[in-house]
Amino acid sequence: MHPNPRQIKLLNRLQGSGSCSLETLAGDLDVTVQTVRRDVQRLAEANLLVRFHGGVRLPNSTIENIAYRQRAQLHAGEKERIAQAIAREIPNDCSLLINIGTTTEAIARALSNHTGLRIITNNVNVAYTLGRQPGCEVILAGGSVRPRDLGIVGEATVEFIRQFRADIALMGISGIEADGTLRDYDFREVKVSQAIMQSAREVWMAADTSKFHRPAMVRLGELSQIGRLFTNARPPEPFPGLLKAAGVDCVIAPEDI
């Protein structure tokens, strides 16, 4: 399904709290409980949320991510703010490694006015966006194309990425757990992301606040492996202390971008 704007707002509300009563959702969305109940029914049928007595929650699966089209719409405003904040920090005439993700696709769109960029990516959507820019050179990794989001994964992709040494790796992430572990869902994608991190002089990570405390099955790495983390608001506890201890520069994207 393609959620309508009200349903997207409902899912965003759950991303922030994890679970909620129907009455609270109705108040937050300024609609009737009956309207919320109909939305919840449709979203539950699409496996985007789980109903329980008196309320709803997100699936919170550790083994499967939310479908690509829904992820692209969730927290879209926050992702655009983060992307613009990162684009402001990226100089012209530099090399970038960019991994799979809807946030990194937003970053690619925000880089449209840059010149002299050389981009290596395993994300077909990023390659399509930046490959049309006359001031950019795009190198697309080889490997197996994942149909659901046009990400390229596999051992051939890992070996391809290892040929390069880029200035900055721009990384999206599925979840950051309370012990500082970076996590994702697909072990093949994680292998490529690890190669990207190892092949860059600096690692910048983009994560809206819904990614904190979000579980996923596969370990990608640790906070100490990234240099800068761009997000849309102050991270929840215990992450401010973890970021400081790991030496990570946390950049909060301003709302006026």
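Two strands count as paired if DSSP finds at least two bridges between them, and I take helices (H or I, at least four residues) and strands (E, at least two) as DSSP runs numbered from the N terminus.

I note that this is a predicted model, in which local features need pLDDT of at least 70 and side-chain atom pairs count only at pLDDT 80 or more, while totals for chains, interfaces and linings use all residues. Residues are numbered from 1 along each chain as its sequence is written, and side-chain values use heavy atoms, with hydrogens and water left out.

**Entry 1, the open sheet.** I looked up β10 and found that two bridges join it to strand β11 (residues 181-184), the two running antiparallel; Gly175 has Arg183 in β11 as its bridge partner. Helix α9 (residues 187-198) packs on the sheet, where it touches β11 and β13, and its direction makes about 15° with that of β13. For such angles, axes are lines fitted to C-alpha atoms, for helices over the stretch in contact, and the angles run from 0 to 180 degrees between N-to-C directions. Contact here means heavy atoms within 4.5 Å. The sheet is open, with three strands in the order β10-β11-β13 and antiparallel pairing. I then asked why one side of β10 and of β13 is left without a neighbour in the sheet. β10 (175-176) and β13 (218-222) stand at the edges and each has a single partner strand, so one side of each lacks a neighbour there.

**Entry 2, strand β14.** I next followed β14 (residues 228-231), which is covered on both faces, with Arg228 and Phe230 on one side and Leu229 and Thr231 on the other, all buried (under 20% relative accessible area, with a 1.4 Å probe and protein chains only). Strand β12 (residues 200-206) runs parallel to β14 and is joined to it by three bridges, and Met205 stands opposite Leu229. Four bridges join β14 to strand β15 (residues 249-252), again parallel, with Asp249 as the partner of Arg228.

**Entry 3, the cores.** I looked up the largest nonpolar core (buried Ala, Val, Leu, Ile, Met, Phe, Trp, Tyr and Cys residues joined through side-chain atoms within 4.5 Å), and it has 30 residues, with Leu97, Ile176, Ile226 and Leu229 among those with the most contacts inside it. Helix α9 gives the most to this core, with five residues. Leaving aside neighbours within four places in sequence, Ile226 is in contact with Leu182, Met197, Val203, Met205 and Val248. A second, separate core of 26 residues includes Ala83, Ile86, Leu170 and Val251.

Notes:
Buried < 20%, exposed > 50% of the residue type's maximum accessible area, 1.4 Å probe, protein only.
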